[in-house]
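Thanks, everyone. I will go through one model today, from the overall picture down to a few side chains. Please have the viewer open.

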Amino acid sequence: MRHLINREPDCNTEPPTQAYELGKWHQNRGHFEEALTCFKQAAMAASYTTPTDMERSALSWIEYGRLNAKLNKCNEAAESFKHALCFGMPYAAKSLNEWALLLHQEGICDRDIFNRLLFELSSHSICTTVLGCALREIGAYTEAALCFNMTEYTDTQTGIIHAHCLINDDRLDEAMNLLVSLNNKCALEDSTQDVHRDLISITMFLCKWRLSGSLPYLPAYDDDRYKLAEVAVSLGMLAEADFILSTEGTAGEYALIHMLYSEGYTTLAGTRISCLPEIQVNHTHPYLNELQFITAERLYDLGDYERASVIFENLRLSQPEHTASRFGEAACYLQSSLLSLSSRMARIDSPDTVKEQAMEYMHSINAALHIVENTHWHTIWSPAQRRRENGIGRSTTLN
């Protein structure tokens with residue numbers, strides 16, 4: 001029921017007059033066909049005489065394509081993203097991200113996505129590293145690395161992304177060579193950001209560990225260990241992350257579960273939660289309340305709205321500033337109401353008037369649920385992170 005497209009009740013909010021903003025206004029309220037009309041109108045009407053017009057047109061094509069993809073109008077979506085490529089950067093990057101995701105969701109293999117989008121780039125002056133970043137977002141690490149190899153880039157950020165693609169593709173020797181080169185470059189440049197230096201250093205440490213099979217050393221400070229473990233999980237080095245945080249006791253276990261869940265290892269995180277004693281809301285452990293939220297969120301995804309709502313409520317009462325738990329609780333009540341109404345409508349002995357009234361209520365509840373979900377209270381994973389559930393066996397698994 002949660003994916004039904006319905007309108008929210010009419011309200012007194014005055015809609016904007018400009019087509020692009022009006023499209024966003026309709027989209028936020030679940031008026032998807034009206035939003036499509038507005039986005040297309042905004043995309044076609046721009047005069048391209050000012051940067052503002054070009055930006056509005058490019059964003060309109062992207063929004064038009066994204067919404068068509070949501071409505072399973074894949075051909076229209078692809079054409080929209082193709083139009084957006086004509087506007088150059090940064091809109092080309094956004095368009096390629098959406099287009100790669102669309103093709104991935106259609107079930108097209110990584111290599112075919114790479115070939116299709118590389119062909120589209122041939123008529124535009126767009127660097128292949130932009131396509132590499134888009135392919136990385138959907139977890140096509142082999143093809144992303146190909147894109148980076150096709151262009152001689154100079155910026156450190158792109159080099160780090162390239163190295164991470166190689167690591168996720170189990171090409172650690174190549175990644176290590178690249179990281180050494182980046183590290184040497186950073187040593188000669190004062191302009192390199194400290195965050196880049198730290199990430200290169202941490203990634204080199206993890207690669208050396210995996211390649212040699214023996215731990216060089218562990219950082220002395222807890223904050224450094226948590227940062228090291230977080231990067232390890234993001235690179236699929238789960239056994240290393242487990243070892244690092246095993247020295248931190250219960251707090252380390254809580255942190256590891258949170259990291260696993262945030263990076264898309266949802267089943268593994270749930271399994272480890274189930275091995276813990278009953279989790280209570282506790283302000284002394286920063287990750288403990290996050291595990292409560294994860295537990296509730298997993299129950300919600302499994303359709304156990306009653307148990308999920310109790311946990312969300314406890315979080316809301318103990319942490320009023322935790323807005324995600326408030327929306328999660330509201331979503332549980334709305335979903336439960338939809339199930340109750342669906343059951344009433346399915347009864348053969350229900351009069352038609354009761355079924356009509358139930359349908360009206362369902363329209364209103366779906367509209368409210370649409371608004372709640374637009375707050376993005378639920379954890380959101382990238383396509384690459386979502387693919388990790390099926391790729392755990394590639395890395396050494398945790399105990």
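The protein chain has 20 helices and 0 strands. Keep in mind that this is a predicted model. The chain has 399 residues, and 48% of them count as buried. Its exposed surface comes to about 20,300 Å², with carbon and sulfur atoms supplying 51% of that. Taking the contacts with a separation of 6 or more, 58% are between residues 24 or more positions apart.

Now the interior. Which residues touch the most other members of the largest nonpolar core? They are Leu-206, Val-233, Leu-245 and Leu-260, in a core of 47 residues. At least two residues of this core come from each of helices H9, H10, H11, H12, H13, H14, H15 and H16. A second core, separate from that one, has 29 residues, including Phe-114, Leu-121, Cys-165 and Ala-384.

Let me stay with Val-233. Beyond its neighbours within four places in sequence, Val-233 contacts Leu-238, Ala-241, Leu-256, Met-259, Leu-260, Glu-263 and Tyr-265. Next along is Ser-234, in helix H12. Its side chain reaches back to the backbone oxygen of Val-231, at 2.6 Å. With the same neighbours in sequence left aside, Ser-234 is in contact with Asn-168, Glu-263 and Arg-388.

On to the rings. The structure holds 13 aromatic pairs. Take Phe-205 and Trp-209: their ring centres are 6.1 Å apart and the planes are at 70 degrees, so this pair is edge-to-face. The two are about one helical turn apart, because they sit 4 residues from each other in helix H11. Both are buried.

The pair of Tyr-226 and Tyr-287 is stacked, because the planes are at 20 degrees, with the centres 6.5 Å apart. Tyr-226 belongs to helix H12 and Tyr-287 to helix H16, so this pair ties together parts 61 residues apart in sequence. Is each of these tyrosines buried or partly exposed? Tyr-226 has 17% relative accessibility, so it counts as buried, while Tyr-287, at 27%, is partly exposed. There is also a cluster linked by ring pairs, made up of Phe-293, Tyr-300, Tyr-305, Phe-312 and Trp-377.

Last, the cysteines. How many disulfides does the structure hold? The number is 0. Cys-38 has 7% relative accessibility and therefore counts as buried. Cys-109 is at 41%, so it counts as partly exposed.

That is what I have; I will take comments now.

Key: Residues are numbered from 1 along each chain as its sequence is written. This is a predicted model: local features need pLDDT of at least 70, side-chain atom pairs count only at pLDDT 80 or more; totals for chains, interfaces and linings use all residues. Side-chain values use heavy atoms; hydrogens and water are left out. A nonpolar core is a set of buried Ala, Val, Leu, Ile, Met, Phe, Trp, Tyr and Cys residues joined through side-chain atoms within 4.5 Å. Buried means under 20% relative accessible area, exposed over 50%, partly exposed in between (1.4 Å probe, protein chains only). Contact means heavy atoms within 4.5 Å. A polar contact is a pair of N or O atoms within 3.5 Å; within protein, one must be able to donate a hydrogen and the other to accept it, and residues adjacent in sequence count only if both atoms are side-chain atoms. Accessible areas come from the Shrake-Rupley method with a 1.4 Å probe; for residues, only the protein chains shown count as cover. A disulfide is a pair of cysteine sulfur atoms within 2.5 Å. Rings of Phe, Tyr and Trp (its six-membered ring) pair if their centres lie within 6.5 Å; planes under 30 degrees apart count as stacked, over 60 as edge-to-face and the rest as tilted.
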